[in-house]
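Me: I would like to go through this structure term by term, asking on what grounds each label is given. Please set each value against its definition before you conclude.

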Amino acid sequence: MHKIKNPLPQSMICICLLMAALTIPFISATGEMSSRKQDSSGRYYYTLEDSGIRLSRPVADRGEMIGEVWIPSELDGHPVTIIGSHLFLACENLTRVIIPEGVIEISVSAFAECGDLEVIIPNSVTSIDDYAFGREGNATLFVREGSYAEQFARYRRLPYKIIDDTFFTTGEALSPDADKPFPFMYRIEGDRATLTGYFDTKPEGDLVIPTEIDGYAVIGIDREAFMLCRGLTAVTLPSGVLTIGDYAFSDCAGLTSVTLPSGVERICVGAFSNCASLATMTIPESVVFMAEYVFSGIEHSIVLHVKEGSYAHTYAKENHLPCSFIE
């Protein structure tokens with residue numbers, strides 16, 4: 001068998017490979033191309049891609065990223081579409097990040113090692129890396145019902161809350177320029193509001209729900225709004241509340257007192273389930289619907305105070321709940 005002689009000497013091959021390498025754009029250790037720029041406002045480094053801007057990292061040191069951050073919807077005239085890998089990695093002083101509509105992707109470790117962080121994710125996001133929030137996934141996600149982000153939260157078993165399209169347009173309560181954001185999140189239904197959750201830390205002690213928020217009458221407590229708020233000891237609902245949603249106060253282990261207003265009509269599935277310290281509750285005669293498992297986990301310890309012959313009386317009998325009569 002005849003060997004084919006290499007037409008180029010070895011030294012020439014090395015020179016060709018070196019020249020080819022020099023024509024390839026420089027890539028940094030983090031995988032970012034040398035075209036990374038700093039935006040004109042001096043807040044972020046970014047790269048410009050076909051879909052828009054990929055945020056690479058904040059200009060400030062990670063320890064200086066404190067409190068709430070509203071990610072811009074555009075920089076230097078280009079839409080922000082991608083939250084880059086490791087963008088807020090180990091920003092332990094962050095408490096909340098609001099991602100704008102238009103962002104489509106959240107990359108690996110973008111919010112890893114950030115502690116107890118809240119991340120508001122718009123409907124436009126259609127791709128989230130499995131480890132965008134780290135391996136432990138300590139973040140709480142705020143997502144739209146039926147969105148990709150909700151599916152992701154379920155898949156990764158991350159805590160999440162449902163928001164709706166009015167979340168970003170409810171005025172002072174959610175404005176990044178407000179001096180003091182209202183402690184409750186809510187959605188608007190005409191001129192009325194339903195509380196969907198809370199900002200910052202979980203409420204503790206005595207919780208008094210206001211009769212209105214920014215001029216909107218409070219008419220309901222939404223699904224899981226105060227679930228797992230174990231530091232709550234008492235809850236007082238205003239007279240305008242008509243509905244207490246599914247699992248609204250579920251697993252509030254320290255809750256000992258709940259004051260329901262005359263006028264409340266519906267108490268939904270598991271609303272007070274597993275509230276181990278809740279020994280009694282007065283159910284107004286106005287209540288016309290109580291779902292299954294409202295008091296799941298405390299069926300044998302709670303005593304309901306009801307009007308004889310009322311819907312609540314019938315419910316107590318059918319569900320074998322202890323009750324006493326009120327005038």
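Me: How do you know that β9 and β11 are paired, and in which direction do they run?

Reply: Two strands pair if DSSP finds at least two bridges between them, and β9 and β11 are joined by three bridges and run parallel, so the criterion is met. One of the residues concerned is I120, whose bridge partner in β11 is F142. Strands and helices are themselves DSSP runs, numbered from the N terminus, with strands being E runs of at least two residues and helices H or I runs of at least four. This is a predicted model, in which local features need pLDDT of at least 70 and side-chain atom pairs count only at pLDDT 80 or more, whereas totals for chains, interfaces and linings use all residues. Residues are numbered from 1 along each chain as its sequence is written, and side-chain values use heavy atoms, with hydrogens and water left out.

Me: What makes β4 and β12 edge strands of their sheet?

Reply: The sheet is open, with five strands in the order β4-β7-β9-β11-β12 and parallel pairing. β4 (67-70) and β12 (160-163) each have a single partner strand, so one side of each is left without a neighbour in the sheet. Neighbouring strands of this sheet are turned against each other by 20° on average, direction ignored.

Me: Which strands does helix α2 lie across, and at what angle does the helix run to β11?

Reply: Helix α2, residues 148-156, lies across β11 and β12 and runs at about 140° to β11. The axes are lines fitted to C-alpha atoms, for helices over the stretch in contact (heavy atoms within 4.5 Å), and the angles run from 0 to 180 degrees between N-to-C directions.

Me: Why are β22 and β25 placed at the edges of their sheet?

Reply: Three strands form this open sheet, in the order β22-β24-β25 and with parallel pairing. β22 and β25 (323-326) have a single partner strand each, so each has one side without a neighbour in the sheet. The twist averages 25° from one strand to the next. β22 is joined to β24 by three bridges, the two running parallel, and T280 stands opposite V303 in β24. Helix α3, residues 311-318, lies across β24 and β25 and runs at about 140° to β24.

Me: Why is the pair of F111 and F133 called stacked?

Reply: Rings of Phe, Tyr and Trp (its six-membered ring) pair if their centres lie within 6.5 Å, and planes under 30 degrees apart count as stacked, over 60 as edge-to-face and the rest as tilted. By this rule there are six aromatic pairs. The ring centres of F111 and F133 are 5.5 Å apart and their planes stand at 10°, so this pair is stacked. F111 lies in the loop between β8 (105-106) and β9 (118-120), and F133 in the loop between β10 (127-128) and β11 (140-144), so the pair ties together parts that are 22 residues apart in sequence. Another stacked pair is formed by F272 and F295, at 6.2 Å centre to centre and 15° between the planes. F111 and F133 also belong to one aromatic cluster with F88 and F152.

Me: How do you know whether F272 and F295 are buried or exposed?

Reply: Buried means under 20% relative accessible area, exposed over 50% and partly exposed in between (1.4 Å probe, protein chains only). F272 has 1% relative accessibility and therefore counts as buried, and F295, with a relative accessible area of 2%, is buried too.

Me: What makes R135 a charge over the ring of Y131?

Reply: A charge sits over a ring if NZ of Lys or CZ of Arg is within 6 Å of the ring centre and within 35 degrees of the ring normal. R135 lies over the face of Y131 at 4.6 Å from the ring centre, and R266 lies over the face of F289 at 4.3 Å.

Me: What is notable about the phi of H86?

Reply: Most residues other than glycine have a negative phi. H86, in the loop between β6 (78-83) and β7 (94-98), has a positive value, near 65°. With a relative accessible area of 34%, H86 is partly exposed. N274, in the loop between β21 and β22, is not a glycine either, yet has a positive phi of about 60°.
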